[in-house]
Protein chains: 2
Amino acid sequence: MNNLTLLMGASMVMGSGDVLANSETDQIQQVLQQYEQHLNAGNSGEIMKLYGEAPVFMPQHAPAQVGRNEVQNAYDGVFSQIKLKVKFTTHEIELVGDNTAWARTSSAGKTTILANQAVIDEGNSELFVFKKEHDSWKIHRYIFTTTTPMQSGE
Amino acid sequence: MNNLTLLMGASMVMGSGDVLANSETDQIQQVLQQYEQHLNAGNSGEIMKLYGEAPVFMPQHAPAQVGRNEVQNAYDGVFSQIKLKVKFTTHEIELVGDNTAWARTSSAGKTTILANQAVIDEGNSELFVFKKEHDSWKIHRYIFTTTTPMQSGE
């Protein structure tokens, strides 16, 4: 799938008068695509290449993880327990100024619980803040929340 | 508590060279404070005054709610089931350009399940995108995710 196809699937909000808007949102969409790929591969090292210098990751069921080491440890913790197979859909990418953007996505698929190999439905909403660092768009802030119905016991 | 006290509690990232930064972040902090107040009061009508013209709210256990009617219905659904008593802490407010900002907060407190009056611990991370509309800062995108440990059955 080429980048144009990817972008056509996204509902984009362009920055005001930015002639490079297509190119910039294209780059951000590529980061999102790489995030999906490395998340499904359970590869925290590759995921960290997508994060910036001072990231904050807000996982479920744990406090916000502030800083690169903490973010990577959080992913390692997740990947030690589950294997994800999810597909992201980009709903919005908005460029704000030259060096900031935010994106709203959703994801859906399956999660395998490694302890017992149980496979459950996975669905989330996500909100990203991106920063351009050294000419590359990096994940600066990231939060997700489940969209699957509440289970008994919650 | 005056606004200065409130802002001193926040870890703020200022917009580059914006001489009005203090005033703008002060206004956003006031929106966050009002959100806490109206959330604890279970008042969806007052909450909707804090949202902008085209909001998206990403609650847990449901798809993203797009548009003012859908957002208000989602709050009404929540308030029909639970009563919140939470305190928000602002960790970051960043102004980006003249009309956009994002904020990261966390909240902690108690939730009463109305069906059985059970009281449980409540804790969340939150990420907001704000837009300035008609000279007022409004919530444009909002997502939260629980920080409490996973329960059996999830």
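# Tour of a two-chain model

Select strand 5 (residues 118–133) of chain A together with strand 6 of chain A: the two pair in the antiparallel sense over ten bridges. Strands (E, at least two residues) and helices (H or I, at least four) are DSSP runs, numbered from the N terminus, and two strands pair if DSSP finds at least two bridges between them.

This is a predicted model, in which local features need pLDDT of at least 70 and side-chain atom pairs count only at pLDDT 80 or more, while totals for chains, interfaces and linings use all residues. Residues are numbered from 1 along each chain as its sequence is written, chains are lettered from A and ligands numbered from 1 in the order in which they are written, and side-chain values use heavy atoms, with hydrogens and water left out.

**Stop 1: strand 6 of chain A**

Stay on the pair and pick A:Leu127, which stands opposite A:Ile143 in strand 6 of chain A. At the hairpin of strands 5 and 6 of chain A, two residues lie between the strands, and A:His134 takes a positive phi near 50°.

Next add strand 1 (residues 51–58) of chain A, which runs parallel to strand 6 of chain A and is joined to it by four bridges. Here A:Tyr51 has A:Ile139 as its bridge partner in strand 6 of chain A.

Now show strand 6 (residues 136–146) of chain A by itself: nine of its eleven residues are buried, so this strand is largely enclosed by the rest of the structure. Buried means under 20% relative accessible area, exposed over 50%, and partly exposed in between (1.4 Å probe, protein chains only).

**Stop 2: all of chain A**

Color chain A by secondary structure to see four helices and six strands. From the N terminus on, the order of elements is α-α-α-β-β-α-β-β-β-β. Chain A has 154 residues, of which 49% count as buried. Its accessible surface comes to about 7,300 Å², and 51% of that belongs to carbon and sulfur atoms; the areas come from the Shrake-Rupley method with a 1.4 Å probe, and for residues only the protein chains shown count as cover.

**Stop 3: strands 3 and 4 of chain B**

Move to chain B and select strands 3 and 4, which pair in the antiparallel sense over 14 bridges. Within this pair, B:Lys87 stands opposite B:Ala108 in strand 4 of chain B. The two strands form a hairpin with three residues between them, and B:Gly97 in the turn has a positive phi of about 70°.

Which residue should be picked in strand 3 (residues 82–96) of chain B? Take B:Ile93, which lies in that strand. B:Ile93 counts as buried, at 0% relative accessibility. From B:Ile93, go to B:Phe128: the two are 35 residues apart in sequence and 9.3 Å apart in space, C-alpha to C-alpha.

**Stop 4: both chains**

Show the two chains together. A turn of 180° and a shift of 0.0 Å along the axis lay chain A on chain B with an RMSD of 0.0 Å. The two copies are thus related as by a two-fold rotation axis. The copies are superposed by least squares on the C-alpha atoms of residues with pLDDT of at least 70 in both.

In chain B, 100% of the interface residues of chain A are also interface residues, so the copies meet through the same surface. Contact means heavy atoms within 4.5 Å.
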